[in-house]
Protein chains: 2
Amino acid sequence: MDELGERLRAHGMRLTAQRERVLRALGRLGHATPEQVIDGLPADGGPALPPSTVYRCLEALQESGLVTHTHLDHRAPSYQLATHDDHIHLVCRACGSVSQVPLALAGPFARSLAEATGFAADVTHMAVHGRCASCTP
Amino acid sequence: MDELGERLRAHGMRLTAQRERVLRALGRLGHATPEQVIDGLPADGGPALPPSTVYRCLEALQESGLVTHTHLDHRAPSYQLATHDDHIHLVCRACGSVSQVPLALAGPFARSLAEATGFAADVTHMAVHGRCASCTP
DNA sequence: TTGAATGCAAAAAATTTGCATATTG
DNA sequence: CAATATGCAAATTTTTTGCATTCAA
């Protein structure tokens, strides 16, 4: 259960209360931009964290592999728990909703990329924009 | 040839020298963030444009369908000519190179998304991150 | 002529940095 | 105890806004 600490220490980092809180916030939010994390943090009853700490936490967590990010938003990256990283994000351009489909759906695509060009795709990191079913005319 | 003007006017917009220059800059650059456009513009011999103009030009061009954007960068969007929009971008995490593969490669993937969830994917907008062949160990 | 677009300057957002202090291992 | 993180304030960087002026149609 203390895999968190392990993971961080393996990268010469330390487990701090703030990093745990950021992690939990991501758990609650699913995926969130740095701003959304900053705003969403106090929901756990704790005090707000300064932006610099949140930015640094996210970077540290990502570096140690506990967190990943995608680009749901057109600007800021959206972070999520690495453990939630088993699906692909579909972002609807019309209603803004973000849905998810199993990673497996992209398997053949990733394979054809590898065959065609030797590129090893991280399909997890990929956000697919378009129109969701309910927004399709 | 004056399809540019047409396109813009169809959206109640006008064809200006600045918009043409931004368009040409994108032609030269392939794909570029707003900052890169700002920096790259004077290469045509003309004067620099203020950031506000560049941002507004990009938005207008995008709205009229002449330009699209993807997320090659982890922050700012990268704009490109809509006419160059016939391929998928592969971004190498290691060396930063951006390569392109034919849209067709994503056809089956898009179809399976549509079947599975009714989501109409704009594969064009999609940037795939990972490791290119020369950076794969 | 007239509404749309530009240029400039200033404001607002978003992200990063420096450094003294607090904390983890 | 030593090294890493935090908190805070300030500096950057990026993007947006207001408005008088210019320009396309």
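## Notes on the two-chain, two-strand DNA model

1. Starting on the DNA side: α4(A) gives the largest share of the surface near DNA strand D, four residues. Keep in mind while reading that this is a predicted model. Around DNA strand D there are 21 residues, and the ones that come nearest are Met13(A), Arg14(A), Gln18(A), Glu35(B) and Tyr55(B). On the DNA side of that contact, sugar and phosphate make up 69% of the strand D atoms that come within 4 Å of the protein.

2. A few individual atom pairs at strand D are worth pulling up in your viewer. The side chain of Gln18(A) has an N or O atom 2.7 Å from a sugar or linking oxygen of DNA strand D. For Glu35(B), a polar side-chain atom lies 2.8 Å from a sugar or linking oxygen of the strand. With Leu15(B) the backbone is involved: one of its polar backbone atoms is 3.4 Å from a sugar or linking oxygen of DNA strand D. As for elements, α2 (17-29) and α4 of chain A, together with α4 of chain B, each give two or more residues to the surface near this strand. If you want the composition of that surface, it is seven nonpolar, six polar and eight charged residues.

3. Now DNA strand C. Here 20 residues surround the strand, with Arg14(A), Glu35(A), Tyr55(A), Arg14(B) and Arg19(B) coming nearest. Sugar and phosphate account for 67% of the strand C atoms within 4 Å of the protein. By class, the nearby surface splits into seven nonpolar, five polar and eight charged residues.

4. Which parts of DNA strand C do the polar atoms of Arg14(A) and Ser52(B) approach? Bases, in both cases: a polar side-chain atom of Arg14(A) sits 2.5 Å from a base oxygen, and one of Ser52(B) sits 3.0 Å from a base nitrogen. Leu15(A), on the other hand, has a backbone N or O atom 3.4 Å from a phosphate oxygen of the strand. The elements giving two or more residues to the surface near strand C are α4 (51-63) of chain A plus α2 (17-29) and α4 (51-63) of chain B. Of these, α4(B) supplies the largest share, four residues.

5. On to the protein–protein side. 34 residues of chain A touch 34 residues of chain B. The size of an interface is often quoted as the accessible area lost when the parts come together. Between chain A and chain B, the buried area comes to about 2,700 Å², and carbon and sulfur atoms give 69% of it.

6. What about polar links across the interface of chain A and chain B? There are 10 residue pairs in polar contact between the chains, counting those with both residues at pLDDT 80 or more. The side of chain A that touches chain B has 19 nonpolar, 10 polar and five charged residues. Two salt bridges cross the interface. One to look at joins Arg93(A) and Asp122(B), whose closest N and O atoms are 3.1 Å apart. On the chain A side, β3 (87-92), α5 (107-117), β5 (120-121) and β6 (127-131) each give two or more residues to the interface.

7. The chains also share sheet pairing. Strands in a sheet pair through backbone hydrogen bonds, in a parallel or an antiparallel sense. β5(A) runs antiparallel to β6 (residues 127-131) of chain B, joined by two bridges, and Ala121(A) stands opposite Gly130(B) there. β6(A) and β5(B) likewise pair antiparallel over two bridges, with Gly130(A) opposite Ala121(B).

8. One sheet spells this out: an open, four-stranded one in the order β4(A)-β3(A)-β6(A)-β5(B), with mixed pairing. Why do β4 (98-102) of chain A and β5 (120-121) of chain B each have a side without a neighbour in the sheet? They stand at the edges and have a single partner strand each, so one side of each is left free of a neighbour.

9. Last, salt bridges overall: the structure has 10 of them over all chains. One lies within chain A, between Glu6(A) and Arg9(A), with the closest N and O atoms 3.8 Å apart. These two residues are three apart in helix α1 (residues 3-9) of chain A, which means about one helical turn separates them.

Key: Residues numbered from 1 in each chain as written. Chains lettered and ligands numbered in written order. Predicted model: local features only at pLDDT ≥ 70, side-chain atom pairs only at ≥ 80, totals over all residues. Heavy atoms only, no water. Near = heavy atom within 4 Å. Polar contact = N/O pair within 3.5 Å; in protein donor to acceptor, adjacent residues only side chain to side chain. Nonpolar A, V, L, I, M, F, W, Y, C, P; charged D, E, K, R; others polar. Contact = heavy atoms within 4.5 Å. Buried area = accessible area lost by both parts, 1.4 Å probe. Salt bridge = Lys/Arg side-chain N within 4 Å of Asp/Glu carboxyl O. Pairing = 2+ DSSP bridges.
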